[in-house]
Amino acid sequence: MNDTAAELKKTPLFDVHRSLNAKLVDFGGWNMPVQYSGILQEHNAVRTSVGLFDVSHMGELTVRGPEAEKLVNYVSTNSATKLKPGQAHYSALLYEHGGFVDDILVHKISSTDFFLCVNASNQEKDFEHIRSQNRFDAEVEFVSDRYAQLAIQGPRALTTLQKLTGTKLSEIKYYWFTDGIVAGVPARIARTGYTGEDGFEVYVAPEHAVDVWNAILDAGQEFQIKPCGLGARNTLRLEAKMALYGHEITASINPFEADLGWIVKMDKGDFVGRGALEKISEHGITRKLVGFEMKDRGIGRDGYEVWMDNKPAGWVTSGGPSPTLGKNIGLCYLPVESAVPGNSIQVIIRDAPVDALTVPTPFYKRPKG
Amino acid sequence: MNYPENFKYTKEHEWLEADGSTGKIGITHHAQHELGDIVFVQLPKPGSKVTKGQTFGSVESVKAVSDVYAPVSGEVLEANELLAKSPEKLNEDPHGEAWLIKVSLSSPDELTGLMSAAEYQSYVDAE
């Protein structure tokens with residue numbers, strides 16, 4: 001192992017990944033599995049049966065105290081007040097200018113106790129950001145090192161996980177969570193995910209991560225469960241049009257541009273970035289995120305330039321093959337008036353324009369039932 | 001993996017099977033394994049020129065784009081059409097039916113700088 005690799009952070013499952021012959025990569029400073037058996041196989045396992053991901057690199061913060069709800073409401077765009085205890089939602093931390101600090105999941109244990117799941121590479125920044133905005137009777141704590149996180153995703157996720165817990169999983173609604181026991185150890189069980197499938201994200205103490213991981217793989221054996229890496233996680237989330245920090249959302253993008261207006265609750269009172277968003281709403285946005293499908297041979301990838309009417313018009317934020325659809329898909333920013341389905345665009349691939357078409361999103365929506 | 005004895009290899013993980021004044025070019029087993037699931041292959045048209053050490057096409061996996069470099073200079077006689085429809089063949093048979101291009105060699109003496117199968121094997125082992 002070279003010096004760079006030695007400096008990378010590891011999850012409690014690092015040795016397990018190595019023993020499973022995972023291909024490991026530097027992901028935002030973490031030595032993470034990008035694939036085990038192959039991205040396509042892993043992707044398909046999640047769409048048709050069940051897959052297991054180690055997402056222990058993700059960060060966890062708690063906000064507690066008499067005014068915890070006030071602080072969460074003040075630093076994030078969604079309404080913490082509307083959440084019921086045991087419910088979670090997707091939200092964002094913004095800068096004063098309206099750009100993204102990060103996108104986050106907010107879990108409300110009670111109005112005095114919140115559990116936030118944040119992006120791995122942003123966790124220290126998010127913690128400092130929230131603390132810097134804390135003028136309330138609330139305490140922000142950095143608790144990432146107390147949790148490993150496993151995502152069990154796919155139509156067979158519930159049946160698989162149910163073998164390992166007395167908690168009645170079918171009673172946890174989508175984007176709700178509960179504390180229970182999984183494979184004999186205390187766990188926070190949330191019906192959330194980043195794949196577009198049904199599934200659960202399970203938070204356990206790091207010292208239990210290996211046992212819980214192995215127990216889930218055993219329980220899912222009858223469904224040909226596959227350990228899945230970040231490669232499949234990315235193709236799955238792209239099909240479901242879920243944003244990735246650093247791609248669809250950055251400090252220079254605001255939620256309206258990112259098509260995330262639904263997580264901004266302007267009627268809830270003041271919050272960081274609200275003033276800027278009001279101005280932006282008044283003047284209207286100039287660019288917006290839209291999906292596209294390649295029409296000609298080629299794959300439009302992250303960072304590629306997009307042209308319309310023989311002029312530069314925007315850029316690809318995420319792009320690649322869609323294993324489920326058998327097409328090459330992507331997301332891009334375009335002038336707002338063009339960011340609607342049905343427009344011909346060209347993605348510049350190695351200096352050559354390749355035809356693509358803007359399309360409705362999400363690219364994939366799981367069958368109901 | 002057995003790397004064919006009659007092939008020559010590059011540090012960029014291409015192989016060349018020379019036969020007199022023509023040659024067949026592909027990527028190695030090691031290259032396809034490192035790339036993972038291959039989903040797209042872009043190759044030059046017959047008649048175009050390739051130059052030793054210069055990129056002549058690309059191979060894309062789900063995650064990444066990888067350039068392929070010409071082990072020798074020459075003119076493209078044929079591009080493997082199988083790969084347009086079935087890029088995954090590159091994962092299955094990189095030394096056989098999933099060759100990339102056939103070329104006419106413009107300077108056969110360029111072969112001397114390439115690695116033998118044994119040399120390539122130790123190069124890969126050391127990587």
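**Packing of helix α3 in chain A and the fold of chain B**

In this predicted model, the buried residues of helix α3(A) pack against four strands and one helix of chain A, namely β2 (30-35), β3 (51-54), β9 (148-153), β13 (226-228) and α8 (230-239). The helix itself, which spans residues 39-48 of chain A, is mostly covered, with 7 of its 10 residues buried. The buried positions of α3(A) are Ile39(A), Leu40(A), Glu42(A), His43(A), Ala45(A), Val46(A) and Arg47(A).

The largest nonpolar core comprises 127 residues, and those with the most contacts inside it are Leu116(A), Leu150(A), Ile152(A) and Val202(A). When neighbours within four places in sequence are left aside, Leu116(A) is found in contact with Glu60(A), Leu61(A) and Val63(A), as well as with Ile104(A), Leu105(A) and Val106(A).

Turning to chain B, its secondary structure amounts to 4 helices and 9 strands, which are arranged along the sequence in the pattern β-β-β-α-β-β-β-β-β-α-α-β-α. The C-alpha atoms of chain B occupy a box of roughly 35 × 35 × 20 Å along the principal axes. The radius of gyration of chain B is 13 Å, which agrees with the value near 14 Å that would be expected for a compact globule of 127 residues. Of the 127 residues in chain B, 43% count as buried, and among the contacts in this chain between residues at least 6 apart in sequence, 62% join residues at least 24 apart.

Conventions: Residues numbered from 1 in each chain as written. Chains lettered and ligands numbered in written order. Predicted model: local features only at pLDDT ≥ 70, side-chain atom pairs only at ≥ 80, totals over all residues. Buried ≥ 20, exposed ≤ 12 C-beta atoms within 10 Å, placed from the backbone. Helix = DSSP H or I, 4+ residues; strand = E, 2+ residues; numbered from the N terminus. Contact = placed C-beta atoms within 7 Å. Core = buried A, V, L, I, M, F, W, Y, C linked by C-beta atoms within 7 Å. Rg over C-alpha atoms; globule rule 2.2 N^0.38 Å.
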